[in-house]
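Good morning, and thank you for making time for this item. I would ask you to look at the sequence and the structure together while I speak.

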Amino acid sequence: MQRKHQFITAVVLLALLAAGCTPKISQPADDPVAAIVAATVAAIPTYTPYPTHTPYPTPTPIVLSGLFCEYGFCVGHPTDVALYDVSAARDQLNPSTYGQGMLAAYRKDLFMLIVWQLNSGSTDPQFMLDLVMDDDLDSRSGSLDVDLLGDLTLFSVPITTAATPVLPFGRAAAWNCGERAFGWKVYTPQTDMAPDLLRESLKRFTCGE
């Protein structure tokens, strides 16, 4: 569990700093998670939050028309952000592979994380929710939803996070595809953004199985 905290916290640090730093994958066993997160939050530039009222009757749909295809799967993402290989950024000798890996993307109103690993024959991907969420940063803020999205049985849950005050809401999700289990997480400035982001991201998801 401590290794998971170090793993996810390092990803948040890398993405939110957005400064091209590449710390080594190994970390001290007593890594001060709270101090790292506090330093990360302090480094985030401030910006004007989205207005709470809009002249339109419904929110503008969020379209993730970008498409990332590598490591034997494809997934949608916003066109103005790039998913990068966190494992390779942390240790160039150990990049992501077909069997396991991690991708992240960041802009001032979005933090997205995708992880995957071999599911070892398990038909229940919910363990990926525990992997993608950080117990020190993220909390479930609603009940677990189970949906059928194309051929995917999708488990997802709304979350709140203390990772950064400008992106306090989000959602975590998990699903199986072939011999792999996938986990997905997003931080957003508004509560209603995350479900649309999840649906748009997975509309064109494929894993080559």
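How many disulfides does the count come to? The count comes to two disulfides. Please bear in mind throughout that this is a predicted model.

Let me begin with the setting. The chain contains five helices and ten strands. Of its 209 residues, 46% are buried. If we take contacts between residues at least 6 apart in sequence, 55% of them join residues at least 24 apart. The accessible surface of the chain is about 10500 Å², and carbon and sulfur atoms account for 57% of that surface.

I now turn to the disulfides themselves. Counting bonded cysteines along the chain, the pattern is 1-2, 3-4. One link is between Cys69 and Cys74, whose sulfur atoms are 2.0 Å apart. The link of Cys69 and Cys74 is right-handed, with 120° about the S-S bond. As for burial, Cys69 has a relative accessible area of 44% and is therefore partly exposed, whereas Cys74 is buried, at 16% relative accessibility.

The other link joins Cys177 to Cys207, with an S to S distance of 1.9 Å. The link of Cys177 and Cys207 is left-handed, at -75° about the S-S bond. What does this pair tie together? Cys177 belongs to strand β9 and Cys207 to the segment after α5, so the disulfide connects parts that lie 30 residues apart in sequence. Are these two cysteines buried or exposed? Cys177 is buried, because its relative accessibility of 14% is under the 20% limit. Cys207 is buried as well, with a relative accessible area of 3%.

Next, the interior. The largest nonpolar core has 26 residues, and those with the most contacts inside it are Phe73, Trp175, Trp184 and Phe205. Elements that give two or more residues to this core include strands β2 (73-77), β8 (152-161), β9 (169-177) and β10 (180-188), together with helix α5 (193-202). Another core, of 19 residues, lies apart from that one, and Phe111, Met128, Leu137 and Ile159 are among its members.

Finally, which residues is Trp175 in contact with, leaving aside its neighbours within four places in sequence? They include Pro125, Leu152, Leu154, Phe182, Trp184, Leu202 and Phe205. The contacts of Trp175 also include Thr153, Arg180 and Ala181.

That concludes my presentation, and I would welcome your comments.

Note on methods
Residues numbered from 1 in each chain as written. Predicted model: local features only at pLDDT ≥ 70, side-chain atom pairs only at ≥ 80, totals over all residues. Heavy atoms only, no water. Core = buried A, V, L, I, M, F, W, Y, C linked by side-chain atoms within 4.5 Å. Buried < 20%, exposed > 50% of the residue type's maximum accessible area, 1.4 Å probe, protein only. Helix = DSSP H or I, 4+ residues; strand = E, 2+ residues; numbered from the N terminus. Contact = heavy atoms within 4.5 Å. Areas by Shrake-Rupley, 256 points an atom, 1.4 Å probe, with all protein chains shown as cover. Disulfide = S-S within 2.5 Å.
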